[in-house]
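Reader: I should like to go through this structure by way of its packing and its backbone. Please let each reply end on the item requested.

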Amino acid sequence: MTSPAVSGRLPVSGPGPDGPAAAAQSRSLPRHLRTAAGALAALAALVLPFALPGWTGLFVVVGIFFLVVLGLNLLTGLSGQISLGQTLFMALGGYGAGLLTLKLHWPTTVAAVAMAVVSALLAALLGGALLRLRGYYLALATLGLAVITEALAAGLPELTGGPSGLVAIPSLQLGSWTVFSDRANYYVLLVVCALGAWFVANIQRSQTGRALSAVAADTPAAAMLGIATARYKTQAFMASAVFASVAGSLYVYYLRFISPDVISVTVAFSVVIMLALGGARTLVGPLLGALVLQGLPQAGQSFSLWMPLVAGIVLIVVTTYFPKGLWGTAKALVRRRYAR
C-alpha cells in the first residue's frame, strides 16, 4: 500500500502533458532565464573580490560555512534528520588537519582528505546508533556531540592547545602555490563550493534524493516500499560529515589557528539557524543563510555582542512567517508572479 505522503515525494511523470512533471515545469521559470541568472551569478562571484576587496575575508568565512550548511542540507533538508552536532566533524577536520600538518608535517591537502575519510567513518559508526532516534531525541543526542566536542577541545591542552588553541598552522599548499591571501582563499573556496553544490544538486535529482525525500516524508511507509531507510540516512549523515570536515580543514588553513570558540555549541546552533534562515532543499538557501548570519556582525562591534539574540529573533520570525526560508519564500513569490 502506497502512502500519499510518500507518493508526493516521489513524483513520476504522467503519460500526458498534464502529468506532475509538466505541471512543475509550467510553474518554473523558463530555462533560458535560469541559465542567464546562473551565468550572471557565476560572473558576479568571480569579480566580487575586486568589486568589494574589503569584504573578501567575510566572503571566505561565508564560503566555509556554506559548505557546512550545504552538507547539513542533505541530512536535515533532504532526509529530515535534525543534527546539532556538525561541529564534531568541523573539529575533526580542523584539529586533525592542523595537528597532522603542524606536528607531523603532512601535506595540507593529504591531511584534509585523510580527516574527511576519518569523519565519514565516524559518521557511519555514530549513524548506526543515533539515526534510530527521531525528532527531538535525535536533536538532543547530536547536541550532546557538540557539547562533548567543545569540552574535549578545551580539556585536552596537550593535544588541542586547550582554550588557547593551536597556532601557527601552515596555510593550504597546492603544489608550489601557498594559498595565503584572502583573495587566494576565496577562489579556492569558490571552486570547492561549486563542486559541493554540483554534488548536492545531482543527489537531489537522483534516485537517492527521491529516496531520502521519501524517508523524510514518512519513514515507515518508505520502508514498506522497499527503501533501506537506515542505509540512506547513514549515507546522508556521512556526506554531511565530509562537508563539515573539509570546511573545518579549510577554516584552519585560512585562519592558521583553531580554538574551542571556533567549534563551540553556539556555532553548532548557528549552522542550523543558517539552514532554516536561507531555506532547506535549495542550493541558494544555505548560501543566503550563511551570508546573512555571518554578515550581520559586520554592522559593528556593539551589534556583534547582540548577535545570539538577533539570530534567535530572526529564526523565530522566519520559521513562523516564512517556513520555506528566505530563498524558498522568494522563489514562491516569483513563481506566483510568473504564473499570472
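Reader: Leaving aside neighbours within four places in sequence, which residues are in contact with Phe-65?

Author: The model is a predicted one. Phe-65 is one of the two residues with the most contacts inside the largest nonpolar core. Once neighbours within four places in sequence are set aside, its contacts are Met-90, Tyr-251, Val-267, Val-271, Met-274, Ala-290 and Gln-294.

Reader: Which helix supplies the largest share of the largest nonpolar core?

Author: This core has 77 residues, and Tyr-253 stands with Phe-65 as those with the most contacts inside it. The largest share amounts to 16 residues and comes from the helix that spans residues 56-78, namely α4.

Reader: Is Phe-243 buried or exposed, and why?

Author: Phe-243 is found in helix α12. Its contacts beyond four places in sequence include Leu-67, Leu-70, Gly-71 and Leu-74, as well as Phe-199 and Val-200. The C-alpha atoms of Phe-243 and Leu-70 are separated by 7.5 Å, although the two residues are 173 apart along the chain. Because its relative accessible area is 10% and the limit is under 20%, Phe-243 counts as buried.

Reader: Which residues outside its own stretch of sequence are in contact with Gly-248?

Author: Gly-248 also lies in helix α12. Its relative accessibility is 2%, so it counts as buried. Tyr-95 is 153 residues away in sequence, yet the C-alpha to C-alpha distance between Gly-248 and Tyr-95 is 8.1 Å. With neighbours within four places set aside, the residues in contact with Gly-248 are Met-90, Gly-93 and Gly-94.

Reader: Which helix gives the largest share of the lining of the largest cavity?

Author: The structure holds 1 cavity of 30 Å³ or more, and the volume of the largest is about 30 Å³. Its lining includes Met-90, Gly-94, Gly-248 and Tyr-251. Two helices, α5 (86-102) and α12 (229-255), each supply at least two residues of this lining. The largest share, 3 residues, comes from α12.

Reader: How many residues of that lining are nonpolar, polar and charged?

Author: Val-252, Ile-258, Val-262 and Ile-263 are among the residues that line the cavity. Glycine is placed in the polar class, and both Gly-94 and Gly-248 belong to the lining. The division is 6 nonpolar, 2 polar and no charged.

Reader: What is the phi of His-105?

Author: Most residues other than glycine have a negative phi. His-105 is found in the loop between α5 and α6 (108-130), and it is exposed because its relative accessible area is 63%. Its phi is positive, near 60°.

Reader: What is the phi of Arg-281?

Author: Arg-281 has its place in the loop between α13 (265-278) and α14 (284-295). Its relative accessibility is 35%, so it counts as partly exposed. Although the residue is not a glycine, its phi is positive, at about 65°.

Reader: Among contacts between residues at least 6 apart in sequence, what percentage join residues at least 24 apart?

Author: The secondary structure of the protein chain comes to 17 helices and 4 strands. Of its 340 residues, 42% count as buried. Among contacts between residues at least 6 apart, the portion that joins residues at least 24 apart is 77%.

Reader: How much of the exposed area of the protein chain do carbon and sulfur atoms supply?

Author: The protein chain exposes about 17100 Å². The part supplied by carbon and sulfur atoms is 69%.

Note on methods
Residues numbered from 1 in each chain as written. Predicted model: local features only at pLDDT ≥ 70, side-chain atom pairs only at ≥ 80, totals over all residues. Heavy atoms only, no water. 1 Å grid on protein atoms, 1.4 Å probe; cavity = no way out; pocket = protein on both sides within 12 Å on 5 of 7 lines; lining within 4 Å. Points joined across faces, edges and corners; volume = space filled by probe spheres on them. Core = buried A, V, L, I, M, F, W, Y, C linked by side-chain atoms within 4.5 Å. Buried < 20%, exposed > 50% of the residue type's maximum accessible area, 1.4 Å probe, protein only. Contact = heavy atoms within 4.5 Å. Areas by Shrake-Rupley, 256 points an atom, 1.4 Å probe, with all protein chains shown as cover.
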